[in-house]
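Let's take a walk through this model together. Have the sequence and the 3D view open, and follow along as we go from one chain to the place where two chains meet.

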Amino acid sequence: MSSIVSKLAFALTVTLAAAALRALPARAGDGGTVVIATTQAPRHFNGAVQSGLATALPSTQIFASPLRYDDNWNPKPYLAESWQTAPDGLSITLKLVKNAVFHDGHPVTSEDVAFSIMAIKANHPFQSMLAAVEKVDTPDPYTAVIRLSYPHPALLLAMSPALMPILPKHIYGDGQDLKSHPANLKPVGSGPFRLTDYKQGEYYTLEKFDRFFIPGRPRLDKIVVRIISDPNAALVSLERGDVNVLPFVTGVRDIDRLEKTPNVYVTSKGFAGIGALNWLAFNTRKKPLDDVRVRQAIGFAANRDFIINKLMGGKATAATGPIAPGSPLAEPDVEAYKFDLARAEQLLDAAGYPKKPDGSRLSLTIDYIPGADEQQRNIAEYLRSQLKRAGINLEVRAAADFPTWAQRISTYDFDMTMDTVFNWGDPVIGVDRTYLSSNIRKGIIWSNTQQYSNPKVDELLAAAARETSPEKRKALYSEFQKIVVSDAPIFYINATPYYNAFSKGLSGLPTTIWGLMSPLDELYWETPPKT
Amino acid sequence: MNLVAHVIRQAANAAGLLLAVLVLNFCLIHLTPGDPAQVMAGEMGGASPEVMAALRVKYGLDHSLAEQLLTYLSKVATGDFGYSYYFNEPVVGLIAQRLPATLYLVLSALLLSVLIGTLLGVVSARRPNGLFSQAVTVLSLAGYAAPIFWTGLMLLLLFGSVWPVLPVSGMADVVTPKTGLAYAIDVARHLVLPSSTLALVFIAQYSRLARVNMIDALAADYVRTARAKGLPEYVVVGKHALRNTLIPIVTVAGLQFGQLFAGAVLVETIFSWPGMGRLVFESILRRDYPTLLAILFFSAVLVMAANIVTDLVYRLIDPRIRSGAP
Amino acid sequence: MSRTEKPAMPEPGSVLPATPTASPAMAALRQFARSPSGVIGAAVLLTLVAITAFGPFFYPIDPLDIVGAPFTAPGADAWLGTDYLGRDELAGLIHGGRATLTVGAVAAVITIVIGVTIGALGGFFGGAIAALLGKITEFFQILPPLLFAMVLVTLFGQTLTTITIAIGAVSWPTAARLTRAEFLRLRGLDFVKASRAAGAGNGHLILRVVLPNALPPVIVAATLAIGVAILFEGGLSFLGLGDPNTMSWGLMIGENRNYVLDGWWTVTFPGAAIFVAVLAISLIGDGINDALNPRLRRRS
């Protein structure tokens, strides 16, 4: 008898132990659903062929990328568990994790990485991002060697989740045009969440991928993204707890209101990677703005402090140069153009625009991006009043819609314009395009529409793009910023104040440089909401 | 007069006009500088020339205006109004989503204004020089002069911060969505402010019209006869005078559908009412050609439909026409 | 009075004889002066016009200038407060009236000119011309006015000129229908036939015989059209399609629309100004209506 009992006991123990070993201990706070509100519906879910915030949010949950980033611009392993840049800078070797699989079970191999990189190079709107890539060798299934035609330090940032989603070759490699591939609406990736439901224009649902290659992640069971096009309704939803995350809040009053809401946590962290800059751009080939003294005068006459403190309620950070203040490459020691009306008037006199009897010196027009009142229109209207004090009469030209404005600016039919441009992490991706002489391309918005041309700057940017030594690179960009700021093709005003708002109780918040445009596998409910 | 033939003729006329509306607006909108490819480039944060060229080919923007027009018209004939660049869904679906909200708003405002306007006018007609009558005249003048967007904003202020008993934005509760009867009541509550704002202007007009016509009607011969016959007052007023008062009001109301719609755009903006009015706004800003064209088209359709219906109702309730005069 | 009678118009020749002299106008004016609403309206409007015409000399603050902190409540610093940029509300009201009233008047003129021309030609000639003009009128009538004006302003730019023309271009159908109805009615009357028999050409008939007698409702319509145009400009500015370089009452409301809950004064005052102006114009319209249609007077 006792032998049977002991055998049974033994069997039971073994079974229990095996069960215990198989299941990972669930930590407190795992599970649950988070609802994110967004004002813009994504066109589709494939971030390889489409940039922009609406696509990046879902794309970074569904697809994984070789690298991811932390709060301090340090790359961290993701699909690539290690990476090595060759000493000559002409190749980067990625060693992939061996246990990553796509949502349909296929393993993620170097073939997929090679395919994705070449696909992005061919289809992505930002052509400079991967222009240096020649090909990708795949010596074995878990090694990818990216071969470059010249050193390309920006490649590391280009391997971020928002910019380099790894696509499954066995699905996308069928010859169809990637930009309109049907899989874009039924995406299969290797990221922490799978797309399980999608109602066009209303919401989409992302559910935990059980076989995600990082154990214990993602911590949430489900993310629902609701499309609420009315910003006010989105705010109210967050306040009442119907929605848990509200990204990209940018209105001063909205931010104020949310900061005062008891069950909401507001943070400005998570936007350093995007590097959104708000500025006043000059058409440097049009009289009188072809004279640097006039441009500098406008810089001195405009009161950046008033704009930031009074018009933006102190919610924005000042920007003084082409690289956004949150970037490690930003050079703070540049001419800040602090408000100095006397100096402005001196410069205008020197440039040959004296004050006429009625108090005016010259007349200019100013444009702005329609639909962005607080960051664009209000400043244009403010400048009209402010620059009048220096004798500059401004006519505000309103454009009823974005293409009208874009058409004017890209065909150089403007004097000055307000604009918002993103750095996108590495200067090669989002900064060069504004200052390179070679990027003066008519008809393309957000190219070098200021028609700025300085051979020294071209030289510096070309050298910095290829400089593999971080110290030397920083020095090159430093010189670049100093020159550009004193050449003043642009008067820099502020970093666009973006904030993310979360329901209190959430932890593991996405505060890396890419914020919500990176996987939310660490997000969890520390204190779940009372149901 | 054969009513059916009449309606058919009107419908044919309408079709011709609507076609003209489509063509005109298509040409106008496509004349503006820039195109939707730029909108998409804008959303993406910038795009290379190659990508933009590819987008233009994809959306057929590289063809000539005439070609694009013909393609568009042939698609419309099959009920395909195209795909919204901005909202990323078929335009018809988009409009089908938003149209009901606007219809609730417009029809409830219409009903409200006709009922209240007529009531005010009729009551004040009994004693044309009395205090009530004069008050109605003054109020109706005021209602007409006050800009809709101003009245709406004032009501928003009142119910938004001073006396928050009514919801001031949206059509229904997004926090705890209700179903069935509770949903209907919720929508009705949200409808109160926007609908009243929209109705105010027209209440003013209809009360004046009702008053004038009622005074006229009450002084008519046949009314005096009816009274002399000893018919009860409410029959006199209700049956005879009222019917003749309603005719011009119905006519005017039907013809003003276009203005109701315009007012709806303003009201929807103020109260964040998710209707077609706001869609106009958004699609103009994004140069969303297909959506904009479809909205212009459908509003013209609604106006035409209102005209035809008004004409029908007019013929039905006006005994002189019903009796066979052409 | 039997209902089947058409609304009474002055008998041809009784108010405006074939050779107009000053006295009928004076007679109409005297009638107008007897209507209390008309007089009040005229007084209010004249006051508004005076304020907007001469006010800027007494209060020369530029409404587009920033004079203080944004959203200052009405008080000692700024009598009617400041708006979202810190611009003076009172200056906006005084200076902005010019733009609003001018747009109203000019747009009304455009409306009437187009409408009367099309209506007159259609009503007078009949036949194919009438059919064509009628179709055009109907076409413009089914286009929702605000939407189409929005498209036009988007297309041709947000300036006061464009806005004025756009308003005129969408508002004329009502005037056209009115004029056409009048011309249809009048052309069959004896005095017209007599003139024609006497050898008058079409031009003379239209301009000097029929039109003067069709004027009364047209004048009333013209007056009301000013009010409608003012409201229209307000609506367009409210939606963000106003001219940003010229302060107008509509622009004040439109630019501060999102901040209503932060500063009620920014939209209340300009809205009240529009309200008063349109009310005054409506009263004047009523007064003119009474003066020119004496037989209808007992109705109002």
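A salt bridge here is a side-chain nitrogen of Lys or Arg within 4 Å of a carboxyl oxygen of Asp or Glu. Keep in mind that this is a predicted model. By that definition, the structure holds 37 salt bridges over all chains.

Start with A:R226 and A:D242, which form one of these salt bridges, their closest N and O atoms being 2.7 Å apart. A:R226 sits in strand β10 of chain A, while A:D242 is in the loop between α6 (231-239) and β11 (245-249) of chain A, so this pair ties together parts that are 16 residues apart in sequence. How exposed are the two ends? A:R226 is partly exposed, with a relative accessible area of 24%. A:D242 is buried, at 18%.

Next, look at A:K315 and A:E259, another salt bridge, with the closest N and O atoms 3.6 Å apart. This pair links distant parts of the chain: A:K315 is in the loop between α9 (304-311) and β14 (317-318) of chain A, A:E259 is in helix α7 (residues 252-260) of chain A, and the two are 56 residues apart. A:K315 counts as buried at 14% relative accessibility, whereas A:E259 counts as partly exposed at 42%.

A third pair is A:D305 with A:K338, where the closest N and O atoms are 3.2 Å apart. A:D305 belongs to helix α9 of chain A and A:K338 to the loop between β14 and α10 (341-350) of chain A, so the salt bridge ties together parts that are 33 residues apart in sequence. A:D305 is partly exposed, with a relative accessible area of 39%. A:K338 counts as exposed, at 55% relative accessibility.

Now for some backbone features in chain A. Strands β4 (residues 80-85) and β5 (residues 91-96) of chain A run antiparallel and are joined by 5 bridges. If you want one rung to find on screen, take A:S82, whose bridge partner in β5(A) is A:K95. The hairpin of β4(A) and β5(A) has 5 residues between the strands, and A:G89 takes a positive phi there, near 75°.

Most residues other than glycine have a negative phi, and most peptide bonds are trans. With that in mind, check A:Y412, a residue other than glycine with a positive phi, near 65°. You'll find A:Y412 in the loop between α12 (402-410) and β17 (416-422) of chain A. Its relative accessible area is 14%, so A:Y412 is buried. A:A488 also has a positive phi, near 50°. That residue is in the loop between α16 (470-487) and β18 (490-495) of chain A, and its relative accessible area is 3%, so A:A488 is buried.

Where do cis peptide bonds turn up? One runs from A:R217 to A:P218, with omega near -5°. A:P218 lies in the loop between β9 (203-208) and β10 (222-227) of chain A. Another cis bond joins A:K287 and A:P288, with omega about -5°. A:P288 lies in the loop between β13 (276-282) and α8 (292-301) of chain A.

Finally, turn the view to where chain C meets chain A. Here 18 residues of chain C are in contact with 20 residues of chain A. The two chains bury about 1600 Å² between them, 48% of it on carbon and sulfur atoms. In chain C, the residues that lose the most area to chain A are C:I66, C:L85 and C:N245, together 27% of what that side buries.

What about polar links across this boundary? The count between chain C and chain A is 3 salt bridges, and 8 residue pairs are in polar contact. By class, the side of chain C that touches chain A has 9 nonpolar, 4 polar and 5 charged residues. For a closer look, pick the salt bridge between A:E381 and C:R87, in which the closest N and O atoms are 2.9 Å apart. Those two residues also belong to one network with A:R384, C:D83 and C:E255, joined by salt bridges that share partners.

Terms used. Residues numbered from 1 in each chain as written. Chains lettered and ligands numbered in written order. Predicted model: local features only at pLDDT ≥ 70, side-chain atom pairs only at ≥ 80, totals over all residues. Heavy atoms only, no water. Contact = heavy atoms within 4.5 Å. Buried area = accessible area lost by both parts, 1.4 Å probe. Polar contact = N/O pair within 3.5 Å; in protein donor to acceptor, adjacent residues only side chain to side chain. Nonpolar A, V, L, I, M, F, W, Y, C, P; charged D, E, K, R; others polar. Pairing = 2+ DSSP bridges. Helix = DSSP H or I, 4+ residues; strand = E, 2+ residues; numbered from the N terminus. Buried < 20%, exposed > 50% of the residue type's maximum accessible area, 1.4 Å probe, protein only.
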